[in-house]
Amino acid sequence: MAHRLRPVGAGFVETAPVRLVFAREISAAPDLVFRALAEDVPGWTAWFSAVTFARPVREGAGREIRLRGGTRFLETVLTAERPEVYAYRVDVTNAPGARAMVEEWRLAPAGNGTRVQWTFAADGTPLFRFVLNRARPGLGRAFRNAVISLDRRLARP
């Protein structure tokens with residue numbers, strides 16, 4: 001059953017009880033990576049294997065996301081500052097125990113490419129926080145595989 005989460009701001013990525021931070025350098029330029037994150041929401045299904053459905057809602061002010069396994073999110077875009085940061089808050093989800101979630105993608109030039117940093121910030125019941133912390137290695141692999149796939153996709157002519 002879907003439930004509404006606490007409406008937190010972009011600063012939640014610094015104060016959340018659970019903060020999972022992953023980073024990787026890729027060869028694509030920051031502007032291309034930002035465009036893929038913020039402007040081609042349906043394209044997420046082509047490079048982030050956990051995402052099975054993605055579409056912008058509310059004229060681009062939000063997103064509807066579905067993941068493998070059936071988890072669903074209705075999100076609000078909090079920050080879209082080209083080409084440095086893209087962040088969104090989960091407003092409604094069917095993930096049990098979740099109380100607040102924000103994801104932030106920070107992009108910085110790295111040589112001829114981009115350093116991509118993803119922060120997954122969350123609060124929830126003690127069991128939710130425990131499970132999320134235990135999921136860190138799997139989320140790290142998912143992030144790594146996604147940005148490698150995104151880099152390959154952006155390198156295509």
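**Exercise 1. Which residues of α2 are buried?**

Before the solution, two notes on the model. This is a predicted model, in which local features need pLDDT of at least 70 and side-chain atom pairs count only at pLDDT 80 or more, while totals for chains, interfaces and linings use all residues. Residues are numbered from 1 along each chain as its sequence is written, and side-chain values use heavy atoms, with hydrogens and water left out.

Step 1. Fix the terms: buried means under 20% relative accessible area, exposed over 50%, and partly exposed in between, with a 1.4 Å probe and protein chains only. Helices (H or I, at least four residues) and strands (E, at least two) are DSSP runs numbered from the N terminus.

Step 2. Pick out the buried set in α2: Pro 30, Val 33, Phe 34, Ala 36 and Leu 37.

Step 3. Look down the axis of α2: these buried residues fall within an arc of 160 degrees, so they line one face of the helix. The arc is taken from the directions from the helix axis to the C-beta atoms.

**Exercise 2. Work out the span of α5 and find what its buried residues pack against.**

Step 1. Start with the length: the 20 residues of α5, at 1.5 Å a residue, should span 28 Å, and the end C-alpha atoms are indeed 28 Å apart. The expected span is 1.5 Å times one less than the number of residues.

Step 2. List the buried residues of α5: Gly 140, Phe 143, Ala 146, Val 147, Leu 150 and Asp 151. They cover an arc of only 135 degrees around the axis, which puts them on the same side of α5.

Step 3. Recall the helical repeat: an α-helix has 3.6 residues a turn, so residues three or four places apart point the same way.

Step 4. Name the partners: the buried residues of α5 pack against β2 (18-26), α2 (30-39), α3 (44-47), β7 (98-110) and β8 (113-124). Contact here means heavy atoms within 4.5 Å.

**Exercise 3. Describe how α4 meets α5.**

Step 1. Take the axes: those of α4 (residues 126-134) and α5 (residues 136-155) come within 4 Å and cross at roughly 55 degrees. That makes α4 oblique to α5; angles under 35 degrees count as roughly parallel, over 145 as roughly antiparallel, 65 to 115 as roughly perpendicular, and the rest as oblique. Axes are lines fitted to C-alpha atoms, for helices over the stretch in contact, with angles from 0 to 180 degrees between N-to-C directions.

Step 2. Go to the residues: Leu 132, Asn 133 and Arg 134 of α4 meet Arg 136, Pro 137 and Leu 139 of α5.

**Exercise 4. Locate Arg 58 and Glu 59, and judge their backbone and exposure.**

Step 1. Arg 58 sits in the loop between β3 and β4 (62-67), and the place of Glu 59 is also the loop between β3 and β4.

Step 2. Check phi: for Arg 58 it is near 50 degrees, a positive value in a residue other than glycine. Glu 59, not a glycine either, has a positive phi of about 55 degrees.

Step 3. Compare accessibility: Arg 58 is partly exposed at 44%, whereas Glu 59 is exposed at 86%.

**Exercise 5. Place Phe 53 and find its contacts.**

Step 1. Phe 53 belongs to strand β3 (residues 51-57) and is partly exposed, at 27% relative accessible area.

Step 2. Setting aside residues up to four places away in sequence, Phe 53 touches Thr 45, Glu 64, Ile 65 and Arg 66.
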